[in-house]
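Reader: I would like to learn how to read a model with more than one chain. Please take me through it feature by feature.

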Amino acid sequence: MKTTANPPASRLTIGLNKTKTFFSKPYNVILLLMGIVFTVTTVAPILAIIQDTLKIHPGTIDAHLTGQVSGYTLVNYIDLFTSRMAKTNLWTPLLNTLLLAVGTCIVSILFGGIVAFLVTRTNMAWRKYISSIFIFPYIMPQWTLAVVWQNLFNSNAVTGTSNGLLAALFGIERTMIWCKSLVPSQGVQGLHYAPFAYILIGGIFRNMDANLEEAATILDTPKWKIMTRITLPMVKPAILSTILLVFGSAMGSYPVPHYLGLSTLSTKYVSMNSKYTGEASILAIIMMIFGVAIMMLNQLSLTSRKNYTTVTGKSGQISKINLGKSGKYIIALILVILTFFPSLFPIVSFAVETFVPHPGDDSFLYTGDTSNLTTKWWVTSENVTENGMYGQKGILHNETIWHAFRGTIYVSVCCALLAGTIGTLVGYAVSKNRRSKWANYVNSMAFLPYLMPSLAVGAAFFILFSTEKLNLFNTYTLLIIVGTIKYIPFASRSSLNSMLQLSGEIEEAAIIQDIPWIKRMTRIIIPIQKSSIISGYLLPFMTCLRELSLFMLLCVQGFILSTTLDYFDEMGLYAFSSGINLILIITILVCNTLVNKVTGASLDKGIGG
Amino acid sequence: MKRIVAMLLVLCMALGLAACGQKAPEATAAPAAPAAPADTAAPAAPAEPVAEENLTETQKIIKEAQTMTLEELAKKAIEESNGKMFYGVGNSSRGKSALPLFIAYLQTIDPSYNMEFEWQQPKNNKIFDQLTADSLKDTGTFAMTLIQDGNQIESKMVQTGILDTFIPKDWAEANGTTAEEYKGFLALQTLNKVFMYNNTGSKTYDNCWDFVAEGEHGLYMDIDSEIVGKNFLYMLTEDTYAGWLKEAYNALPAEEQAYFQPTIKAMESEAADLGLGPDGAYALAWIKLLVEIYKAQTDYGPNCNTLVDKSATDQFGLLVYSKLRSVEESNSVSVNNVNVAAYTDGYQGIGGYGYCHYLFVTDNSPLPWTACAFIAYMTCTEDGFSAWGKDMGGYSSNPKVAEATENTRHHQTGGYVDGVSVYEAKNDRGYDWWTTDGKLVLEDPEYCASVAFTVGSWIEMLTKYSAG
């Protein structure tokens, strides 16, 4: 009897089989492709901007110092770091940038964290109202708060301008430190990012298991000790995440320091770009280095962090701290008043501004003369300048504004769809392969653009796409590419967090039933984590609507709403900018409400659902 | 199957990133000119004779166009651009208002003519990046540009061959010259920025040194935001204007001179180091004092909004004169709350700064004939200039157009109501007055470019006023 032994499989066959097995898993395919895409979209702009720092630009300092109009040189580095202007152009802006970022973190975490605690962990009154109203400053473009700040605190005696509202109505004149430069910049940015801290920290508070606190209470532990030894350590990961995210965002913010007269790396980038083009690119690289450092810190904090299980199956009950019968109303009232100024007052101020005859002329408030109000900023249908319209039609008839509005909606919808979908897939794929180094790499690369300052990302993509072969300046394509890359982390983090909560058994059961991957995704996984996934679409959409720092170098004013708004604000045409702000706020609120009604997801529930 | 679907899905999205959205606006006309060598030093002065064989296609067209009348150019434009798309880019938004008038003019020659257009107005100095990026294409997107800041135009746009000057025949004749003889850029208009102060208090400013006196903090658009504002400071170091500053200084009372004297003295060595003329120290002292005390504004609009408010007592600023035209009178806001410093009796010294909007054809223009015709239309006809001519404080470079505009618009009596001068500040005394009695400092692109890295770097070393 003959027996036939199977020949040993060749290395090639084994390799092929391994490859086949690897690619038979959709998440591997996603990870591989996305790894390549993210590497290109992250590394290529960085390389482009590095090249720009070495290039000689005609008519700029490098051409002057080298006596050449083309070629490459190190003179930009030498001049930036060693010239007499190093302090003005580099060190002072760098210091201011760090102080601004730190101050922003402190304000946002204190304000956002305390409100998050009060809303989620106490029996404070009017929690729903406060929760909804608190996210308004995050909806509004950040510099509009800066403009409101100026309109509120400026005074002839201190700032040497016309009187702002407080000086005109009550004779209150705040000191210069309060009106201009670092302190108001920190305050305004802090207020802008406080809702972000509220969303992140509130998410943990909301889902936190109360057993530990209850046990401590039973053991008669003082309340301060419970707070410092139990509650705060449990929210520490969220606070760390918030610090890193807010720090990264605040560093690259351009408009607030620009309006409030603070010299930072981003404002310096813009002001130096005409004459010190290569040196400005070095500033962008420095901002990027901070982005990378923040990412590494994030990784470090993830690995060194103590592991707290915040969501367990043991107890879903959250015991709420009793603030007392009157306490719950008093604290709520204080919060209502506090949130009025950053959340509602700007909206009232915007609305009023669109009815005053001359930008900043609030005289009807103290004269009581209502004939000093006008609807011209809304209804003027002709292009006239004699009635103080500065050659613009009224908002309702202004083609520039509505063209920009359509452009913004188009860019935001495309960015949200692309970033949301890609991010969701990345989150899914990483969660399925969480121990793989490649998955971690993909996850980090997807997250890196978010940590890089917006202005630096915009600058890098401008350089990358302003070449002979590929010239995309002032096109929606460019804005969508950049917006998508920048906002993928919203969706990938949201998706990853929710996918990690999902037991693998659910999908495995479907795999055993031989259910195709597409069906598993659309019928099982996505419906279960619908709320988080929709947040991953909603946040890019909302952020994109009011994004300026990222897009300002990539298109002209009139192309999208934020650049148009900035243009009108810079020109001092506050009625138009206020009208645009109102349009933006209404758009976001309508979208949020619609999504909330249809899906149950909501902005104030935030990342991770 | 599933892996194919997954792969396709991800690939689609990756490709979709690049494919979605609008395409970059592309020229619809046939390629006209090869790409300009962006990184090589190109012919400098526009009027310098260049050998015929070295001319680019656009330069050849310009050479021919300079011998043609507006009507002849219009016919060429109709031939070239009928039914096409015209992209222009400029620092002034009013190119957008001028283009429909130009199209209407072409339609008077050929009623069937039509042209789509888009006018872009970049901010934050982005126009130079935009034109540089566009110059890399064989055929550019932009047909022409209306651009300010002679310094950067000279060093970044003209010396690099990105922009070409076209001198319309009619314009040259009106100025008593020819395209060959004329040296320099073609200006559409000169705009003036003038010193104004709020008059609701008792303070007056009758000497330009008053603006940099102790305790003053004038409103000034940040010199880093608007480079034209920095050019003003460069120009002050030129001999003529430095001389004006010295004259004004000499007219000050002795006690006021005493305050400025140490600074002027300290600047003498700096002026020598920078190679400035005999009065350079006065210019540097004035610049130093201004930079160290001015309150930076984002634009001239906020300056104007502030100064015309009655609560801005004793404040002053430098602002674009035409802004006054858009002030709406109310309880607290009035043009009568401000005085134009140079109109004050006995005022001594510089009254403001005059700078130009220049017109250029891009060297890779997709529609060079149309660009030339449009430029000729704006500089040679009252209608063509009307988008700017309706404002005071902007003066056509064509004397005939300037005269016709004044006859129609009556800017010199712009503050009159029913024959009575009600708003004194709005009575624009005109270009001739401003450039003589009004002592307007005029931008000279070549001078600005020559001192950009000497005086310019010195200015950047100064510690700017910091409110905080």
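Author: This is a predicted model. Begin with the spacing of domains: in chain B, the centres of domain 1 and domain 2, taken over C-alpha atoms, are separated by 32 Å.

Reader: Which residues of chain B belong to domain 1 and which to domain 2?

Author: Domain 1 consists of 31-188 + 357-389, and domain 2 of 190-353 + 414-461.

Reader: How many residues of domain 1 of chain B are in contact with domain 2?

Author: Contact here is judged by C-beta atoms within 7 Å. In chain B, 12 residues of domain 1 are in contact with 11 residues of domain 2. On the domain 1 side, helix H6 (residues 150-158) of chain B supplies the largest share, 6 residues. That side of domain 1 divides into 3 nonpolar, 7 polar and 2 charged residues.

Reader: What is the secondary structure of each chain?

Author: Chain A has 28 helices and 0 strands. The radius of gyration of chain A is 27 Å, close to the 25 Å that the globule rule gives for 609 residues, so chain A is as compact as a globular protein of that length. Its C-alpha atoms fill a box of roughly 110 × 75 × 50 Å along the principal axes. Chain B, by contrast, has 18 helices and 14 strands.

Reader: What share of each chain is buried?

Author: In chain A, 54% of the 609 residues are buried. In chain B, 57% of the 468 residues count as buried.

Reader: Where does chain A touch chain B, and what kinds of residue are on its side?

Author: An interface can be read by counting, then by element, then by residue class. Here 77 residues of chain A are in contact with 69 residues of chain B. Helix H2 (residues 26-54) of chain A gives the largest share of the chain A side, 6 residues. The chain A side is made up of 37 nonpolar, 34 polar and 6 charged residues.

Reader: Now a single residue. Is A:Thr408 buried or exposed?

Author: The cut-off for buried is 20 or more other C-beta atoms within 10 Å. A:Thr408 has 27 of them within that distance, so it is buried. A:Thr408 lies in helix H20 (residues 399-432) of chain A.

Reader: Which residues does A:Thr408 touch, leaving out those up to four places away in sequence?

Author: A:Thr408 touches A:Leu545, A:Ile560 and A:Leu561. As for distance, the C-alpha atoms of A:Thr408 and A:Gly248, 160 residues apart along the chain, are separated by 24 Å.

Conventions:
Residues numbered from 1 in each chain as written. Chains lettered and ligands numbered in written order. Predicted model: local features only at pLDDT ≥ 70, side-chain atom pairs only at ≥ 80, totals over all residues. Helix = DSSP H or I, 4+ residues; strand = E, 2+ residues; numbered from the N terminus. Rg over C-alpha atoms; globule rule 2.2 N^0.38 Å. Buried ≥ 20, exposed ≤ 12 C-beta atoms within 10 Å, placed from the backbone. Contact = placed C-beta atoms within 7 Å. Nonpolar A, V, L, I, M, F, W, Y, C, P; charged D, E, K, R; others polar. Domains from an automatic or database assignment.
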